[in-house]
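Please walk through this chain with me, from its helix crossings to its individual residues and ring pairs. The text below is meant to be read beside the coordinates.

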Amino acid sequence: MSKDRLAAFMDAVLAIIMTILVLELPKPDPLTWEGVWALKETYATYILSFFWLGTMWVSLHNEWHHIQMITKKVVWLGIVLLFVTSWIPYSMSVVAIDPMNRVGQVLYGMSVLLVTFANLWLSVALYKCHVDFDECDSEKHAWLLRVKYIPDIIIKLIGMALAATVYPPAMMYAVLLAMLWILIPVDKFYHPKKQ
């Protein structure tokens with residue numbers, strides 16, 4: 001199966017999800033500068049969620065770039081990724097109601113972690129679709145997954161633990177830190193093992 005149809009579908013659904021984020025924002029009440037300022041945490045949650053999803057879209061685009069054909073497994077993993085991603089606007093809206101609510105922050109963290117795991121699963125399946133990779137490419141891909149996803153997951157788990165126990169907004173900071181980590185071009189630091 002060609003990747004183009006699934007890639008276009010995923011792009012469209014992600015664009016819709018990112019648009020829904022803004023629709024979930026409450027209106028200032030009263031409509032004054034003070035009312036707008038009172039929603040600053042809500043706007044911060046929206047901005048973070050939007051750019052986190054944008055980072056995910058860019059990463060997906062980069063991973064799909066060299067893939068020509070995909071399997072049914074990739075199609076279904078793409079659907080799973082979209083499903084868990086569709087929960088982000090809901091969990092963001094729960095956090096937007098009360099950024100200091102532990103349950104809301106943990107719910108947001110669980111949504112973000114589900115997207116991360118689905119993305120990792122899809123990344124592994126996509127790699128297996130790339131027939132031109134040799135053993136060196138396989139080692140680099142495994143190294144990149146370890147260097148990118150393990151710290152990403154650890155950061156998010158720590159943020160969720162802190163949000164559940166000590167400081168609820170820690171989850172938002174963890175998502176921000178994880179997003180910044182993903183943006184670092186660590187592939188430039190890969191050095192193949194000498195034979």
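Is the crossing of H3 and H5 left-handed or right-handed? The crossing is right-handed, and it belongs to a predicted model, as does everything described here. The two helices involved are H3, covering residues 40-64, and H5, covering residues 88-97, whose axes come within 9 Å and cross at roughly 160°. Because angles over 145 degrees count as roughly antiparallel, H3 is roughly antiparallel to H5. On the side of H3 the contact is made by Thr 42, Thr 45, Tyr 46, Ser 49, Trp 52 and Leu 53, while H5 brings Ile 88, Met 92, Val 95 and Ala 96 to it. Sorted by class, the residues of this contact are seven nonpolar and three polar, with no charged residue among them.

The wider setting can now be filled in. The chain has eight helices and zero strands, so that, read from the N terminus, the order of its elements is α-α-α-α-α-α-α-α. Of its 195 residues, 43% count as buried. When contacts with a separation of 6 or more are considered, 79% of them are accounted for by residues 24 or more positions apart.

H5 itself deserves a second look, since it is mostly covered, with seven of its ten residues buried. These buried residues are Ile 88, Pro 89, Ser 91, Met 92, Ser 93, Val 95 and Ala 96. They pack against H1 and H3, and also against helix H4 (72-85), helix H6 (102-129) and helix H8 (170-183).

Two residues of H5 lead on to Leu 25, which sits in the loop between helix H1 (3-23) and helix H2 (33-37). Is Leu 25 buried or exposed? Leu 25 has a relative accessibility of 12% and therefore counts as buried, the cut-off for this class being under 20%. Apart from its neighbours within four places in sequence, Leu 25 is in contact with Thr 42, Tyr 43, Tyr 46 and Met 92; of these, Thr 42, Tyr 46 and Met 92 also take part in the contact between H3 and H5. In addition, the C-alpha atoms of Leu 25 and Ser 93 are separated by 7.0 Å, although the two residues are 68 residues apart along the chain. The loop between H1 and H2 also holds Pro 30, and the peptide bond that leads from Asp 29 to Pro 30 is cis, with omega near 5°. For comparison, most peptide bonds are trans.

A second helix pair is formed by H4 and H6, whose axes come within 9 Å and cross at roughly 165°. That angle makes H4 roughly antiparallel to H6, and H4 passes H6 in a left-handed crossing. The residues of H4 that meet H6 are Lys 73, Val 74, Leu 77, Gly 78, Val 80, Leu 81, Val 84 and Thr 85, and they face Leu 114, Val 115, Ala 118, Asn 119, Trp 121, Leu 122, Ala 125, Leu 126 and Cys 129 of H6. By class, the contact of H4 with H6 has 13 nonpolar residues, three polar residues and one charged residue.

Helix H6 is also the place of Thr 116. With a relative accessibility of 4%, Thr 116 counts as buried, and, leaving aside its neighbours within four places in sequence, its contacts are Trp 52, Tyr 149, Asp 152, Ile 153 and Lys 156. Trp 52 has already appeared as one of the H3 residues in the contact with H5.

The aromatic rings remain. A pair of aromatic rings is described by the distance of the centres and the angle of the planes. The count comes to four aromatic pairs, among them the pair of Phe 50 and Phe 51, which is edge-to-face at 5.5 Å centre to centre with 75° between the planes. Phe 50 is partly exposed, its relative accessible area being 28%. Trp 87 and Tyr 90 likewise form an edge-to-face pair, with 5.7 Å centre to centre and 85° between the planes; Trp 87 is partly exposed at a relative accessible area of 41%, and Tyr 90 is partly exposed at 47%. Ring pairs further link Tyr 46, Phe 50 and Phe 51 into a cluster, and Tyr 46 leads back to the starting point, as one of the residues with which H3 meets H5.

Technical notes
Residues are numbered from 1 along each chain as its sequence is written. This is a predicted model: local features need pLDDT of at least 70, side-chain atom pairs count only at pLDDT 80 or more; totals for chains, interfaces and linings use all residues. Side-chain values use heavy atoms; hydrogens and water are left out. Axes are lines fitted to C-alpha atoms, for helices over the stretch in contact, and angles run from 0 to 180 degrees between N-to-C directions. Helices (H or I, at least four residues) and strands (E, at least two) are DSSP runs, numbered from the N terminus. Angles under 35 degrees count as roughly parallel, over 145 as roughly antiparallel, 65 to 115 as roughly perpendicular and the rest as oblique. A crossing is left-handed if the near helix is turned anticlockwise from the far one by less than a right angle, and right-handed if clockwise. Contact means heavy atoms within 4.5 Å. Ala, Val, Leu, Ile, Met, Phe, Trp, Tyr, Cys and Pro count as nonpolar, Asp, Glu, Lys and Arg as charged, and the others, Gly among them, as polar. Buried means under 20% relative accessible area, exposed over 50%, partly exposed in between (1.4 Å probe, protein chains only). Rings of Phe, Tyr and Trp (its six-membered ring) pair if their centres lie within 6.5 Å; planes under 30 degrees apart count as stacked, over 60 as edge-to-face and the rest as tilted.
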